[in-house]
Amino acid sequence: MASCAGGGLGGGYTLTPTRIGALYPGKGEACSARFENLTFLEASSKYENLGMVSLTGASSDEFTDAMKHDVERAACKMGGDAVSLNASGPSFFQFIVWRTR
């Protein structure tokens, strides 16, 4: 999947979805991927890893509602049900996209 610009209100960041493993159809606009505070090991016991969504170029280290919406949309397009934070740093967030087993 290609990168897509995010931040409809001038956020100026870039989302890059990266798929791994099995491919699933997207869940459409009505999808709402849950953000869960799970370690990789915890999530792996109940979810299948579909890939990652990286957000780069954020104007601050704050994760905004607009960013959350854009990450949710990217996860839904991958067929995901849940998202967990994998890593973050200055102007950077990386999320793992999960699908219920």
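# Briefing: salt bridges, core, strands and disulfide

Arg34 has a relative accessible area of 39% and is therefore partly exposed, since that value falls between the 20% and 50% cut-offs. The model described here is a predicted one. Its salt bridges come to 4 in total, and its disulfide count is 1. The points below take up the charged pairs, the helix H2, the nonpolar cores, the residue Phe63, the strand pairings and the disulfide.

**Salt bridges**

- Arg34 is paired in a salt bridge with Glu36, and the closest N and O atoms of the two are 3.0 Å apart.
- Lys46 also forms a salt bridge with Glu36, with 3.7 Å between the closest N and O atoms. Lys46 sits in the loop between helix H1 (40-44) and strand S4 (47-56), while Glu36 sits in the loop between strand S3 (34-35) and H1, so this pair ties together parts that are 10 residues apart in sequence.
- Lys46 has a relative accessibility of 42%, which places this residue in the partly exposed class.
- A salt bridge within helix H2 joins the side chains of Asp70 and Arg73, at an N to O distance of 3.9 Å. These two residues are 3 apart in H2 (residues 65-77), which means that about one helical turn separates them.
- The two partners in H2 fall into separate accessibility classes: Asp70 is buried at 10% relative accessible area, whereas Arg73 is partly exposed at 35%. Elsewhere, salt bridges with shared partners connect Arg34, Glu36 and Lys46 in one network.

**Helix H2**

- H2 has 13 residues, which at 1.5 Å a residue should span 18 Å, and its end C-alpha atoms are indeed 18 Å apart, in agreement with that expectation.
- The buried residues of H2 are Met67, Asp70, Val71, Glu72, Ala74, Ala75 and Cys76, and the strands against which the buried residues of this helix pack are S2 (14-19), S3, S4, S5 and S6.
- Gly79, just after H2, adopts a positive phi of about 90 degrees.

**Nonpolar cores**

- In general, nonpolar side chains in soluble globular proteins tend to be buried together.
- The largest nonpolar core has 18 residues, of which Val53, Leu55 and Val71 touch the most other members. At least two residues of this core come from each of S4, H2 and strand S6 (92-100), and the greatest contribution is that of H2, with 5 residues.
- Val71, when neighbours within four places in sequence are set aside, is in contact with Leu15, Phe35, Val53, Leu55, Phe63, Val83 and Phe95. A separate core of 5 residues lies apart from the largest one and includes Ala43, Tyr47, Ala82 and Ile96.

**Phe63**

- Phe63 lies in the loop between S4 and H2, and its relative accessibility of 27% makes this residue partly exposed.
- Beyond residues up to four places away in sequence, Phe63 touches Phe35, Leu55, Lys68, Val71, Phe93 and Phe95.
- Phe63 and Ser91 are 28 residues apart along the chain, and their C-alpha atoms are separated by 9.4 Å.

**Strand pairings around S6**

- S6 is mostly covered, with 7 of its 9 residues buried.
- S4 pairs with S6 in the antiparallel sense through 9 bridges, and within this pairing Gly51 is found opposite Val97 of S6.
- Strand S5 (residues 82-89) likewise pairs with S6 in the antiparallel sense, here over 7 bridges, and Leu85 has Phe95 in S6 as its bridge partner.
- A hairpin is formed by S5 and S6 with 2 residues between them, and Ser91 in the turn has a positive phi of about 60 degrees.

**The disulfide**

- Cys31 and Cys76 form a disulfide in which the sulfur atoms are 1.9 Å apart. The torsion about their S-S bond is about -75 degrees, so this disulfide is left-handed.
- Cys31 is located in the loop between S2 and S3, and Cys76 in helix H2, so the disulfide ties together parts of the chain that are 45 residues apart in sequence.
- Both cysteines fall under the 20% cut-off and therefore count as buried: Cys31 has a relative accessibility of 17%, and Cys76 has a relative accessible area of 3%.

Terms used. Residues numbered from 1 in each chain as written. Predicted model: local features only at pLDDT ≥ 70, side-chain atom pairs only at ≥ 80, totals over all residues. Heavy atoms only, no water. Buried < 20%, exposed > 50% of the residue type's maximum accessible area, 1.4 Å probe, protein only. Helix = DSSP H or I, 4+ residues; strand = E, 2+ residues; numbered from the N terminus. Contact = heavy atoms within 4.5 Å. Core = buried A, V, L, I, M, F, W, Y, C linked by side-chain atoms within 4.5 Å. Pairing = 2+ DSSP bridges. Expected span 1.5 Å × (residues − 1). Disulfide = S-S within 2.5 Å.
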